[in-house]
Structures are given as C-alpha cells and as structure tokens.
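Here is an informal walk through a two-chain model, for someone who would rather look than read tables. Have the viewer open and follow along.

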Amino acid sequence: MESSGTGRKLLSLVLLIGGAALLVGSLALDFMGNRASYRGPMLVIGVACFLAGLYLFPTLTRHKDIINFLFLIPLLFTFAVTVIIPLCLGIFYSMTDWTGIQYTKFVGLGNYITMFKEVSFLWSLIITVLFVLFNMILVNLVGFALALLCTSRLKGVGFFRAAYFLPNLIGGIVLGYVWQFVFNNVLIQLSSNGVSLLSNTPTAFAAIIVVYIWQYAGYIMLIYVNGLVTVPGDVLEAAAIDGANAFTTLIRIKIPMIASTITICTFLTLTSAFKQFDVNMALTNGTGSVQDFMGQYLTNGTQMLALNIYNTAISKNSYALGQAKAVLFFIILACVSLIQVRVSNKKEVEM
Amino acid sequence: MKKLFALLLAGAMALSLAACGGGGGTSAGGSSAGGAAGGSGSGGSSASTPSGGGSSSGEGIRLVNGKIEIDAQLKKLAQMYEEETGTHVEIESMGGGIDIQGTLKGYYQAANMPDIFVNGGDTDFANWKGLLADMSGEAWASDTDSAYVNEDGTVGFPYTVEAVGLAYNADILEKAGVDPATLTGPQAFADAFAKIDGMKDELGLTAVVGYYTEPVNLYWSTGNHVFANYEDAGLSRDDTTYFDLLSDGGKLDEARFTKFAEFVALLQQYADNSNMISGTYDQQILNFASGKYAFVTQGSWIGATMTSDDAEQYAAAGNFKVGMVPYAFEDGIDTILTNSPSWWAVYKDGNVDAAKAFLQWLTTDEAQEVLVMEAGFISPFKSCTYVATDPFAQTIIDYQNAGKTSAWHWLGNKEGLAQNYTGQVFNDFAPGKMDTAGFVKVMQQVCASCYGG
C-alpha cells in the first residue's frame, strides 16, 4: 500500500509539473511567434497531463473539491473564452487607437470623451431610448390584445396564433428588405405626394416601429397566451358567478394573475428593442436627416445605438471608438438586466 | 480497474482532441514549410477546399476578389494557370454589398490571410501599412500608369480601368438633334435638357436624366461618384487641390461647389421624379437600358449590367450606342474621370513569390484576352492590344487617347463620408427640402463634422 501511495504521489507530481511545463512552453512558443506545428498537440497534452495529475493527487480531504473543479473546467473554459476574455480585450481596445488590425498607442479615456462630444451619437442614444419606450408599450399592448383574441372562443384560434407568430420566424434582414420594398414601391403608389415614408426621419422612425411591432408582437403574444391559459378556471367561474363582466374580469382577475408574465414581457421587449439592429440596418441603414440638433445638421436620423456602433467601427473604420461605444452599450444593458433580476425576485416573494 | 478504464477513456478523448487541434496546426505548418516566406495558415484552407481537387503541389495561393461579377472568368484563369504551371490558385469572390475590408480584418485576426486581396484606395491601403509586399521590381510595373504606389513601394496591381461621366444614349441624342460634343458648360446642358424634355413623348422617354439619390443602398452613386466630379472634374490627373482641401478638415471650395450644386439642381429638375428619391440601382440601369432616359448618372460599369441582366430590354431598345460627357458644371470642364477602381495587393507574410508570379502571368497575352474579352475589363497595360466589347470601352479609350481624363480621389475620402453623411444630403436636396444655397451650406457643415469627429 505504502509503495503504491508514493508511486501515485510521484506520478501525480510528474504529471502536474510536466503538464504545466508543456502548457507554458506551448503558450510561450505561440507568443514568441513560433509557427511550429507541434504547438497544438503540446498544449492539449499539457492540459490533459495537468488535469490527470490533479485527479491523481493523493489527498482524501480535498479530493471532492478537486473533482468538483474538474467537472467545472469545461464550462469555466468556455465562459472565459467566449465572454470574459473578449470583454477584457474589448475594454482594453476601447482605450487604444485600434484599427481592427493593429494599434499604435494607448489613448486612455480619449475615445469615451470623443464619443460624448459626438452629436450624432447623442442623437442615436436619444432615439434608441424613445424607440425602447414606444416599443415597450406598443408591443406589449398589441401582443396582449392579440393574446386575448387568441384565448377567446373564436373559430380558427390555432390558425391565428400561428399567423401572428409567423413574422417572428423571418430573419430581421429579410424582413427589413421586404418592408423596404413595401414602403418604397407599394405604399408610395397610394401616397398623394409620391414620397416614400422612409425618406423623412419622423415617418421613417415610425416605419421602423411598425415593422418591429409586426415582427415581435406575435412572440410576446405567445408568452401572454401561455400566461392567460394558466389562470385557473375556478377563479374565473367564481368571478362570473359574482357578476363580473368581461372587462372587470380582465382588470381584476386576469391581469393581476399574470403579473409575472407582464414583467417578463416588459423586460424582454426592453432589452430586445434596445439591441435593435437588423431591421434598422435593412430598412433605413440609419439614414434620414435632422435639420438642427444641438446646432448641427445630422444625417443619421434613424440610426439606433447598435447600428451606430456598427457603422462607427465598420463603415467609418474607427474600431476603437466603436469599441468604446460598445462598452457603454454593455454597461447600459447590464444595468437593465440587473434591475430585471431584482424586480423579478421581488415579485416572486410577493406572490 | 474501473478507474483505470475511465482514465484510459479520458486519455483517448484528450488524444483525439489533440489530433484535431494538431490537424489544423500541421497544415498551417505545411504551408510555411512549402512557402519559404512563412505560412499564413492559408495554405491549409486552400488545400482543403473542394475545388482544390488534391492536385495542387501544396504551394497554392489564394486570391480575394472584390468583383463577384467576374468570378467565373477568374476561376477560368486560375485553371489555365494551374494547367500551365501546376500552381493552384484559389479564387474567393466577395461583393454585392459585403464589407470586404471588414471581412479581411476578420481573416487577419484569424491568421487566415489570403495571399492576394483587393484594396479599394488610400484608406484601404492605409489599413495594411507595412503588411504588403513591394512589387516595384516586377515587369508589369513599368507597363502601366495605374499601379498603386505608396511609401511601402508599388503595392497595388491594377486590373481594369473604370470611368465616371454623365452616360448618354447616343441614339436618342441623335434623334433629338443634340450633339454631345457641344455639351461643354452648364448653359449648354440646360438648353439640351430643355430641348429633349420637350420631345419626351416623341422619343419614348420617361425623363431626360436618370438621377437617383436613394440613401440606403445607392448612397455611393451620389456620395462617391457624383460628388467625385466636384473633387476632380476638369483637373489634370495629378491635381489634388479640392481633395486636399476636403482632407483638411472637410472643407469645400464654396465657389466651385456652388456651381456643382447648381448642376445637381439641373439634373434634379429633369430627373425621373417617381424614382429620384427611393428608386433602386436595378431600376435605374433597367430604365436606361430600355431607352427611357437620355442620360444616367452612373459610370462605365453599367455596361456589364446592360449586356447581361438587362440584355433583353437593351436589345429591344435597339442596342443603342452609348457615350459619356463630362459633368461640365463649369465652363471649360472637358474631362471624364477614369481610374482603377481597386487594386490587388500581395500579403507580405503569404506565399509572396507564387503570388507575384501569378500577377505577372495575368499581364501575358493569353490572360489579358480572358480579362478583356470575357470579363470586359479595360486593360491598364500599355502592351495589351485587346478592346473589350463593353458598350463604354470605346468611349473610355477615346477619352484616354485624347488625354481628356482626370483621376478620381474619392477613394481617399474619409471612410463613411458618403454612406453616413453626404448621400443623405443629396437625398434631402432632391425633393426640395432645401435650396441650392442651403445645400452648399449643409454640405460644408456635414463634411466638416465627418472629418472633425
């Protein structure tokens, strides 16, 4: 027993040290620009050896912790590679003059200052907030109304549910181009002055809202339908016996019963409207003019935040500035999400 | 025993992972062993593509082409080259609104750079500063005026010449009794437009000018090409007065720009009202090819569309002759703008020697024949004797021979100027949201804010 114990200890140590050495060696090779083909296998074998060494490490008290950690590793690794590392890199790049290819100097908060001095960016921020407000209210109203219709005793309810949900299955880009055709070639025939809705900023903004509702209300409707069918039948029956009419039932029974659904839908529409990009890009690509905003003539009348970031980085080729805007975007969305979690938790306690 | 088995299984998994990871690593390494200059990882990807067919000698090169419409011709050239020399050339075409520089940046980050790729102009080349191979020693470099040269050396291989002018339908002008040679100033244009406008029904025209300003998908036409005439029309090829002024904080020369604005207003006056604000490129070219416009504000590239996509309507309209007149918004402007629209550059860490050899081969007679006769290019090489069948080819050659061409510099405009700024202002000007003076003022302000921010 004793000899196998030391043997195991030795094996474990050899694996741990050897694995770590291989790992560090392969990474060092990579950073030094060495293109040797054995880098990959070296890295993987290093990691495997290290993990095996951890597993074999001769301890009884900590063995369970080590196993737990080993099982967490795939997830931690994926999370780090897809979220943590890009986030840190992004924040770093936002403080340099990165061009998407290389950076030459560190500029500190320069990009953040430029960003807030840029009138067109402030405009994008404002119309995004407006867009979110409009959509939070309208999408929920329309979605809820459709849900009421689709839970009533009408004929062919299944068909209507599917029909209202269908636009949500079409990608935003396709949808944007379809509606662009509708606005520019079909509706223009009906208008008196022959000017497309998309060529004036206010009407173009309204057009984006309409298309967005068309796309998203069906999805929200499905969630509300789900909420409405869970309202217990006996409660509704009791209300009917007490003489409540349809309106009172709706206000006093149904809506309070699905309060948590309403919270979910509100936050869903909030975050998704905030991140609106594809319809915006395909429909107007942010065009539209504003005669005078803070003393400037703006040419990005319908450009929302996500599209502004994209255009800053890609079409204006200021990757670092775009990155700085994206960091702000992330902070705003993170705050919204935190508030959402808070509110949802509170509601659950009350129920 | 069980534990041992589990360990073996885990080990096998790790090894298979290593094998997968190693696969990518070895093929990248393979290309670096083949190409002496060091691998870019592209060798691996080109060898694994289906069209490679496994026949390449492992020293293949990869070319990113920005003109998707000539994909078939380039693939043919690649095949000819492979038969001749055994070097496999992988053609990767992008186009139709894809942001090529953005994609290339992605390739760069992923260490998947092509050996030859397209660059559109100063701003594109500036992205790749220090990363491109100097080709000044190549034989073709002394055979052309259109190579792209910067401080890194001769880094851009030219493959075609395009022209921007006011394209016209020669048959209609002849029927209307307007001689294009007399269109030398704003007054002449105004008279001619008025004359043709009076005969619209007789000539079967919808409008005199096909001038489109839609800002979402067609901003490049107004913001880049029409605007380019303000920057360069009438100037000698190396004159960058107005381009330099623009580069200096987005300034416009007020006198010249006002005349330009008046000319744009003239175009608007005789434009097709139902399509001027929200019409598409396809509609614009189709209507011109069908003989519904006497003039169109597009460049020589529409010849390819007219003879392919719109061939039926073009034939129905009698395959009329076309030509180009200068945007003579000032008396004395007598040049159209001609330039290489983009260049092919060689990536320094790629398979440089093979890439250079392929580009040199492209200037040989047999390759030029395909490029000119099949792809419809106008050769930038002096030694080339072919003339394309493209409707505009003869016009461009005539202007070139007469020395009546200006270069264009809009490729060096600040990135996003047309898409995010000026295209929209042209669109606002069209329905009369502002007068000419207002247009000039807004343009000045918008250009300044583009260059300032």
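## Chain B from the outside

Chain B exposes about 17,500 Å², and carbon and sulfur atoms supply 53% of that area. This is a predicted model, so treat every value below as computed from predicted coordinates. Of the 453 residues in chain B, 58% count as buried.

The fold of chain B is a mix of 20 helices and 13 strands. Look at the contacts with a separation of 6 or more in chain B, and 74% of them come from residues 24 or more positions apart.

## Chain A, and how it compares with a globule

Chain A exposes about 19,000 Å², with 72% supplied by carbon and sulfur atoms. Buried residues make up 40% of its 351 residues. On the secondary structure side, chain A has 14 helices and just two strands.

How does the radius of gyration of chain A sit against that of a compact globule of 351 residues? Such a globule would come in near 20 Å, but chain A has 28 Å. The C-alpha trace of chain A spans about 90 × 60 × 35 Å along its principal axes. Among chain A contacts with a separation of 6 or more, 68% are between residues 24 or more positions apart.

As for charge, chain A carries 19 positive and 12 negative side chains. The centres of those two sets lie 4 Å apart.

## A threonine that touches both chains

Go to T284(A), in the loop of chain A between α12 (278-283) and β1 (290-293). Is this residue, T284(A), buried or exposed? T284(A) counts as buried because its relative accessibility is 1%, and the cut-off for buried is under 20%.

Its surroundings bring in chain B too. Leaving aside neighbours within four places in sequence, T284(A) is in contact with L198(A), A204(A), I208(A), V279(A) and T302(A), and also with V216(B) from the other chain.

## Rings: two pairs and a cluster

A search of the whole structure turns up 55 aromatic pairs over all chains. One of them is F159(A) with F160(A), an edge-to-face pair at 5.5 Å centre to centre with 65° between the planes. F159(A) is exposed, because its relative accessible area is 58% and the line for exposed is over 50%. F160(A), at 34%, is partly exposed.

Over in chain B, Y230(B) and F257(B) also form an edge-to-face pair, at 5.1 Å centre to centre and 80° between the planes. This pair links distant parts of the chain: Y230(B) sits in helix α9 (residues 219-232) and F257(B) in helix α11 (residues 254-269), 27 residues apart. Both Y230(B) and F257(B) are buried.

Which residues do ring pairs link into a cluster with Y230(B) and F257(B)? The cluster also takes in F227(B), Y242(B), F260(B), F329(B), F426(B), F429(B) and F439(B).

## Two neighbouring helices in the numbering of chain B

M276(B) belongs to helix α12 (residues 273-276) of chain B. M276(B) counts as buried because its relative accessibility is 3%. Not counting residues up to four places away in sequence, M276(B) touches Y211(B), Y212(B), T213(B), E214(B), Q268(B), A271(B) and A430(B). T436(B) is 160 residues from M276(B) along the chain, and 17 Å separates their C-alpha atoms.

Helix α13 of chain B covers residues 281-289. Its buried residues are Y281(B), Q284(B), I285(B), N287(B), F288(B) and A289(B). After α13(B) comes G291(B), whose phi is positive, near 80°.

## A buried alanine in α3

Last stop: A78(B), in helix α3 (residues 71-85) of chain B. A78(B) is buried, with a relative accessible area of 4%. What does A78(B) contact, leaving aside its neighbours within four places in sequence? The partners are V89(B) and I91(B).

For a sense of distance, the C-alpha atoms of A78(B) and G165(B) are separated by 33 Å, with their positions 87 residues apart along the chain.

Conventions: Residues are numbered from 1 along each chain as its sequence is written. Chains are lettered from A and ligands numbered from 1 in the order in which they are written. This is a predicted model: local features need pLDDT of at least 70, side-chain atom pairs count only at pLDDT 80 or more; totals for chains, interfaces and linings use all residues. Side-chain values use heavy atoms; hydrogens and water are left out. Helices (H or I, at least four residues) and strands (E, at least two) are DSSP runs, numbered from the N terminus. The radius of gyration is taken over C-alpha atoms; the globule rule is 2.2 Å times the number of residues to the power 0.38. Buried means under 20% relative accessible area, exposed over 50%, partly exposed in between (1.4 Å probe, protein chains only). Contact means heavy atoms within 4.5 Å. Accessible areas come from the Shrake-Rupley method with a 1.4 Å probe; for residues, only the protein chains shown count as cover. Lys and Arg count as positive and Asp and Glu as negative; His and the chain ends are not counted. The place of a charge is taken as NZ of Lys, CZ of Arg, CG of Asp or CD of Glu. Rings of Phe, Tyr and Trp (its six-membered ring) pair if their centres lie within 6.5 Å; planes under 30 degrees apart count as stacked, over 60 as edge-to-face and the rest as tilted.
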